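Here is a set of short exercises with worked solutions. Try each task before reading on.

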Amino acid sequence: MITVITILGGSSLLVFLIWSWERIRYDYRRLDRDSNHPAPEGSGSLLPEWAQHHDWLRTHNIYYRSLSLDNQARFLRRVMDFMRYKEFKYIDLEPDSMIPLLISAAAVQLTFGLTDFRLDFFEKIYVSGSAYRVHWHKQAFQGHVSLQGIYLSWDHFFHGYKEYDDGHNVGLHEMAHALTYGAMMGRTNMEKSFRTKFKEYAKAAYPILTHMRNGGDSVIDRYGATNFHEFWAVSIETFFEKPLLLKTCEPALYSSLCELLNQDPLELAVVKVV
């Protein structure tokens, strides 16, 4: 125990103990469903792996730092579970264990209030070193989602969390596309209530989108006026990075996102995890 305390410190130790218990409970509940997937690593390597992941998230993810200790433990458990079900492929980029961790954290952040959080529709995540070309498109991409998987530029992803208050976050943007892509295709375990609540979100979103497409101003970035799908993804960026501004200027939209995602970025310490 002295060694553990030395490695983690007081508050981090508490998060680890909560995480360990949650991990045991979660794996037991998933045993039958996940029988074709490898089990978590043994307890001998659990502490250093967990400690490193916890440290990376605290350093690079403001959302994670803002959570209560109990929710940090649940968040980390979900991140490690998310990684276990995805295949990360690297393009012009050397593999680094921090990359899948932080990318998985973006997905878990978006879905933290939901029961189904793994974006099961997608099995592969492609990570490019920087912006990349796609087929005939002239403009380089920072990220996109297709039937083949989720694609991200690591440079732009990392910058999105480094500058977390500018309303631009390619990780959250593409995970938002992935969430609705899978949910609306009807081939995932996404709960039906999400689709019902998404209709309520659309009712709040369309008047703002129409206003923007007619030349009006909004706290939503102008790129959101491209179409409804881009408005959705950009509104997610604003929701997490500029929550107070969005709530003040577009209260109905903000409320619909809180209801849809079952969380409020302005009250992360009491986020409802189901």
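**Exercise 1. A salt bridge and its surroundings**

Is arginine 118 buried or exposed? Then find its salt-bridge partner and place that partner on the same scale.

*Solution.* Bear in mind that this is a predicted model.

Step 1. Arginine 118 has a relative accessible area of 6%. Buried means under 20%, so arginine 118 is buried.

Step 2. Arginine 118 forms a salt bridge with aspartate 120. Their closest N and O atoms are 3.4 Å apart.

Step 3. Aspartate 120 has a relative accessibility of 29%, so it counts as partly exposed.

**Exercise 2. Salt bridges of helix α9**

How many salt bridges does a search of the whole structure find? Work through two that involve helix α9, then look for a network.

*Solution.*

Step 1. The search finds eight salt bridges. Side chains of opposite charge can pair when their charged atoms come close.

Step 2. Take lysine 197 and glutamate 259. Their side chains meet in a salt bridge, at 3.8 Å from N to O. Lysine 197 belongs to α9 and glutamate 259 to helix α12 (residues 251-261), so this pair ties together parts that are 62 residues apart in sequence. Both ends are partly exposed: lysine 197 has a relative accessible area of 27%, and glutamate 259 has 47% relative accessibility.

Step 3. Now take lysine 203 and glutamate 200. They form a salt bridge with closest N and O atoms 3.4 Å apart. They are three residues apart in α9, so about one helical turn separates them. An α-helix has 3.6 residues a turn, so residues three or four places apart point the same way. Lysine 203 is exposed, at 58% relative accessibility. Glutamate 200 is partly exposed, at 43%.

Step 4. Look for shared partners. Asp81, Arg84, Arg118 and Asp120 are joined into one network by salt bridges that share partners.

**Exercise 3. Two helices in contact**

At what angle do α9 and α10 pack? Classify the angle, then describe the contact.

*Solution.*

Step 1. Helix α9 spans residues 192-213 and helix α10 spans residues 228-241. They pack at an angle of about 105 degrees, and their axes are 10 Å apart.

Step 2. Angles from 65 to 115 degrees count as roughly perpendicular. Therefore α9 is roughly perpendicular to α10.

Step 3. List the contact. On the α9 side are Phe198, Tyr201, Ala202, Ala205, Tyr206, Ile208, Leu209 and Met212. On the α10 side are Phe228, Phe231, Trp232 and Ser235.

Step 4. Sort these residues. Eleven are nonpolar, one is polar and none is charged.

**Exercise 4. The sheet and its cover**

In what order do the four strands of the open sheet lie? Find the edges, the pairings and the helices that pack there.

*Solution.*

Step 1. The order is β1-β2-β4-β3, with mixed pairing. The edge strands are β1 (87-91) and β3 (143-146), each pairing on one side only. From one strand to the next, the twist averages 15 degrees.

Step 2. Compare directions. Strands β2 (residues 124-128) and β4 (residues 149-153) run parallel and are joined by four bridges. Valine 127 stands opposite leucine 152 in β4. Strands β3 and β4 run antiparallel, also with four bridges. Here histidine 144 has tyrosine 151 as its bridge partner in β4. β3 and β4 form a hairpin with two residues between them.

Step 3. Add the helices. Helix α6 (residues 98-111) lies across β1, β2 and β4, at about 120 degrees to β1. Helix α8 (residues 170-185) touches β3 and β4, and its direction makes about 10 degrees with that of β3.

Step 4. Check β3. Gly143 and Val145 on one side are buried, as are His144 and Ser146 on the other, and both faces are covered.

**Exercise 5. Positive phi**

Where does leucine 119 lie? Compare its setting with that of histidine 135.

*Solution.*

Step 1. Most residues other than glycine have a negative phi. Leucine 119 has a positive phi, near 50 degrees. Histidine 135 also has a positive phi, near 50 degrees.

Step 2. Leucine 119 lies in the loop between α6 and β2. Histidine 135 is in the loop between β2 and β3.

Step 3. Leucine 119 is buried, with a relative accessible area of 10%. Histidine 135 is exposed, at 69%.

Note on methods
Residues numbered from 1 in each chain as written. Predicted model: local features only at pLDDT ≥ 70, side-chain atom pairs only at ≥ 80, totals over all residues. Heavy atoms only, no water. Axes fitted to C-alpha atoms, helices over the stretch in contact; angles between N-to-C directions. Parallel < 35°, antiparallel > 145°, perpendicular 65-115°, else oblique. Contact = heavy atoms within 4.5 Å. Nonpolar A, V, L, I, M, F, W, Y, C, P; charged D, E, K, R; others polar. Salt bridge = Lys/Arg side-chain N within 4 Å of Asp/Glu carboxyl O. Buried < 20%, exposed > 50% of the residue type's maximum accessible area, 1.4 Å probe, protein only. Pairing = 2+ DSSP bridges.
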